[in-house]
Amino acid sequence: GNYDSTAQGQALMNVVANQDYTEWEHKFGHTSKYWERRGGSDHILSFGEPMHGLWHPRSRRGNFHFIRSQYQLHSPIVVSVELSTTFVSMYPKCARTNILMPYPNTDGNWFNGNHHQESLKVFAKAGFGDVTDSDAALAAEQELYITKFIKKEEEGNSGKAKSMNTDMDMDMATLEDIRSQPRPLAQAYGAGLHGECE
């Protein structure tokens with residue numbers, strides 16, 4: 001495919017990163033005075049795909065795109081469909097200025113839980129382990145969920161109990177649902193080197 005930046009994308013990059021308004025005014029035919037007024041902080045950039053921004057570098061994932069092609073550390077508000085917890089923890093102030101939107105999904109079976117229940121049946125039939133015994137379960141899942149489940153059982157399953165690790169209240173049905181989630185595949189996050197806040 002063609003990975004070249006469009007003329008419009010380049011014009012936006014010039015404005016966002018360099019405050020160069022020449023191509024903005026030429027390509028879009030708009031005055032720059034409204035962008036210059038607040039440095040673009042009252043403007044919105046919207047990206048419909050997680051790994052696409054104003055340009056599309058090859059063989060890059062995760063934070064590289066959030067920082068280098070979607071410019072989420074700069075002044076405009078960014079609306080995107082994906083963000084990593086790593087990015088949020090590294091740049092909490094920047095992350096709070098942006099908007100994360102879910103992928104559009106109009107399937108009622110997704111919302112009412114039917115797809116989820118069907119997947120649980122398939123995984124159970126295949127013999128996959130759950131969060132408590134699967135080698136693919138993340139240590140963070142076991143720490144976050146299992147300790148809540150055990151704490152709840154120790155308190156006699158009545159009412160709601162606070163987690164050992166957080167102040168979040170969870171009822172027994174929710175804990176059991178979380179505990180029993182199948183984990184057929186290990187998950188990993190490896191986005192490479194992260195950018196610096198600019």
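The nonpolar cores and the salt bridges of this predicted model are described below.

The largest nonpolar core comprises 12 residues, namely Leu-12, Met-13, Val-15, Val-16, Tyr-21, Trp-24, Trp-35, Leu-45, Phe-47, Leu-54, Tyr-71 and Val-78. Helix 1, which spans residues 7-18, supplies the largest share of this core, with four residues. Apart from this core lies another one, made up of seven residues that include Phe-66, Leu-73, Phe-87 and Ala-95. Within the largest core, Leu-45 is in contact with Leu-12, Val-16, Gln-70, Pro-76, Ile-77, Val-78 and Val-79, when its neighbours within four places in sequence are left aside.

Three salt bridges were found in the model. In one of them, the side chains of Glu-118 and Lys-121 are joined, with their closest N and O atoms 3.4 Å apart. Both residues, Glu-118 and Lys-121, belong to helix 8 (residues 114-126), where a separation of three residues corresponds to about one turn of the helix. Glu-118 is partly exposed, at a relative accessible area of 44%, whereas Lys-121 counts as exposed, at 53% relative accessibility.

Elsewhere, Arg-37, Arg-38 and Asp-42 are joined into one network by salt bridges that share partners. Asp-42 meets Arg-37 in a salt bridge with an N to O distance of 2.9 Å, and Asp-42 also forms a salt bridge with Arg-38, for which the closest N and O atoms are 3.1 Å apart. Asp-42 is partly exposed, with a relative accessible area of 33%, and Arg-37 is likewise partly exposed, with a value of 48%.

Conventions:
Residues numbered from 1 in each chain as written. Predicted model: local features only at pLDDT ≥ 70, side-chain atom pairs only at ≥ 80, totals over all residues. Heavy atoms only, no water. Core = buried A, V, L, I, M, F, W, Y, C linked by side-chain atoms within 4.5 Å. Buried < 20%, exposed > 50% of the residue type's maximum accessible area, 1.4 Å probe, protein only. Helix = DSSP H or I, 4+ residues; strand = E, 2+ residues; numbered from the N terminus. Contact = heavy atoms within 4.5 Å. Salt bridge = Lys/Arg side-chain N within 4 Å of Asp/Glu carboxyl O.
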